[in-house]
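Visitor: Could you take me slowly through one part of this protein, the aromatic rings and what surrounds them?

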Amino acid sequence: MSLVFLHGRLKPQKRPGSGASQPCENIVVAYYFCGEPIPYRTLVKGRVVTLGQFKELLTKKGNYRYYFKKVSDEFDCGVVFEEVREDDTILPIFEEKIIGKVEKID
């Protein structure tokens, strides 16, 4: 990166081709909570999110099961919602997002 003097200020200027392939610093996390039709959406720093970090996003505490969308060749539709139980498990990314479902345990 170089600096360019523009209108009395120094501004960073990207070199051609630089930064285009750098990974995002944040990832979108969206989740459906207990059957609600509209998902919640937030940004989380980094590209790796664990179930424990995901649980911290929830404002309502309780006993829940957690399912996350992922690519799968087991079924014709090509995707599944996989249950994740361990707090240190890294959540799957689907189409550059983490998409989850939170369901209350009866």
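Guide: Let us begin with two rings: Y31 and F54 are both buried, where buried means under 20% relative accessible area, exposed over 50% and partly exposed in between, with a 1.4 Å probe and protein chains only. Please keep in mind that this is a predicted model, in which local features need pLDDT of at least 70 and side-chain atom pairs count only at pLDDT 80 or more, while totals for chains, interfaces and linings use all residues. Residues are numbered from 1 along each chain as its sequence is written, and side-chain values use heavy atoms, leaving out hydrogens and water.

The whole structure holds 6 aromatic pairs, counted when rings of Phe, Tyr and Trp (its six-membered ring) have centres within 6.5 Å, and called stacked if the planes are under 30 degrees apart, edge-to-face if over 60 and tilted for the rest. Y31 and F54 are edge-to-face, because their centres are 5.3 Å apart and their planes stand at 80°. Since Y31 belongs to strand β3 and F54 to helix α1, this pair ties together parts 23 residues apart in sequence; helices (H or I, at least four residues) and strands (E, at least two) are DSSP runs, numbered from the N terminus. Y64 and Y66 also pair edge-to-face, with 6.5 Å from centre to centre and 65° between the planes, and both of these residues are buried. Ring pairs join Y31, F33, Y40, F54, Y64, Y66 and F68 into a cluster. Finally, V102 is in contact (heavy atoms within 4.5 Å) with residues including Y31, F33, F54, Y64 and Y66, leaving aside neighbours within four places in sequence.
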